[in-house]
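Me: Got a minute to go through this model with me? I'd like to start with a packing term and then poke around.

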Amino acid sequence: MLTTVLRGLAAASLAVLPLTASSPASAAETLPLAEAVNRLPVEAESRDGYDRDAFRHWNTGDDPSDGCNTRAEVLLDEAVEPPMVGPRCRLSGGRWWSYYDQVWVTSASGLDIDHMVPLAESWDSGASAWTAQRRETYANDQGSATSLVAVTARSNRSKSDQDPAEWLPPAAEVHCRYVAEWVATKLRWSLTADEAEVAALGETAAGCPDQSVTYEPAA
């Protein structure tokens, strides 16, 4: 299921590398939020040619043998109380916490799986130049616990494809976390940010002195 940053670090520490090998390109890094915001390349955005179908999702997920697609695997991973899994990965019962709006949800059908950086925003920020395979990998990314998040359908649809200059979660107490996860996702996938976005991220970061960002570059 989800491959956490800690798991990636543990694997790296156990690996025996040849003496001629360079440092792993995918090593995780942790930065203060304000410093992480400053790492984002600033460029103008363009949505020319965008088509949501350019990002194939949901695919068979991290474990094709479990009969669950990426959406269902994320729901299973993020459940506070696990649901029952029926034939064809039909989920019943369970309990989830939608952190955007601080709401408990007791039905999988009431949840959306939000792309932390929406597909359209990723297109604007560099994904337009990717291969179809890389866009599929992005759209189904379970390699970071912050790339995909189960939240109420209402909050996800309120967000739509907006960046933090245009939308932040309705629960003000999670803004530091949300912005950190947004920045981590952009850094993970080497995505750019426009000037208004960086200004909004910086403004939020100024009020989050204790917030850090951990990210591992996508392969």
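Reply: Sure; contact here means heavy atoms within 4.5 Å. The model is a predicted one, where local features need pLDDT of at least 70, side-chain atom pairs count only at pLDDT 80 or more, and totals for chains, interfaces and linings use all residues. Residues are numbered from 1 along each chain as its sequence is written, and side-chain values use heavy atoms, with hydrogens and water left out.

Me: OK, so what is Trp97 in contact with, leaving aside its neighbours within four places in sequence?

Reply: With that exclusion, Trp97 touches Val80, Gln102, Val103, Trp104 and Ala150. Trp97 sits in strand E4; strands (E, at least two residues) and helices (H or I, at least four) are DSSP runs numbered from the N terminus.

Me: Is Trp97 buried or partly exposed?

Reply: Partly exposed, because its relative accessibility is 33%. Buried means under 20% relative accessible area, exposed over 50%, and partly exposed is in between, using a 1.4 Å probe and protein chains only.

Me: And how far is the Trp97 C-alpha from that of Ala79?

Reply: The separation is 7.7 Å, with the two residues 18 apart along the chain.

Me: Zooming out, how many helices and strands does the chain have?

Reply: Eight helices and eight strands. The chain has 219 residues, and 44% of them count as buried. Taking contacts between residues at least 6 apart in sequence, 72% join residues at least 24 apart.

Me: Which residues of H3 are buried?

Reply: H3 covers residues 70–78, and its buried residues are Thr70, Ala72, Glu73, Val74 and Leu75. They pack against strands E3 (91–92), E4 (96–98), E6 (111–115) and E7 (148–152).

Me: What caps the N-terminal end of H3?

Reply: Asn69 does, with a side-chain oxygen 3.2 Å from the backbone nitrogen of Arg71.

Me: Switching to H5: which of its residues are buried?

Reply: Arg135, Glu136, Tyr138 and Ala139. Seen down the axis of H5, these fall within an arc of 160°, so they line one face of the helix. The arc is that of the directions from the helix axis to the C-beta atoms. The cover over them includes E6, helix H4 (119–124), E7 and helix H7 (175–188).

Me: What does the side chain of Glu136 make a polar contact with?

Reply: The side chain of Arg56, at 2.5 Å. A polar contact is a pair of N or O atoms within 3.5 Å; within protein, one must be able to donate a hydrogen and the other to accept it, and residues adjacent in sequence count only if both atoms are side-chain atoms. Glu136 counts as buried because its relative accessibility is 14%.

Me: How many cavities of 30 Å³ or more does a search of the whole structure find?

Reply: One, with a volume of about 30 Å³. On a 1 Å grid over the protein atoms alone, a cavity is a set of points where a 1.4 Å probe fits but cannot get out, and lining residues have an atom within 4 Å of a point. Grid points are joined across faces, edges and corners, and the volume is the space filled by probe spheres set on the points.

Me: What lines the largest cavity?

Reply: His115, Met116, Val117, Tyr138, Asp141, Ser147, Leu148 and Thr185.

Me: Where does Ser147 lie?

Reply: In the loop between H5 and E7. Ser147 is buried, with a relative accessible area of 6%.

Notes: On a 1 Å grid over the protein atoms alone, a cavity is a set of points where a 1.4 Å probe fits but cannot get out, and a pocket is an open set with protein on both sides within 12 Å along at least five of seven lines; lining residues have an atom within 4 Å of a point.
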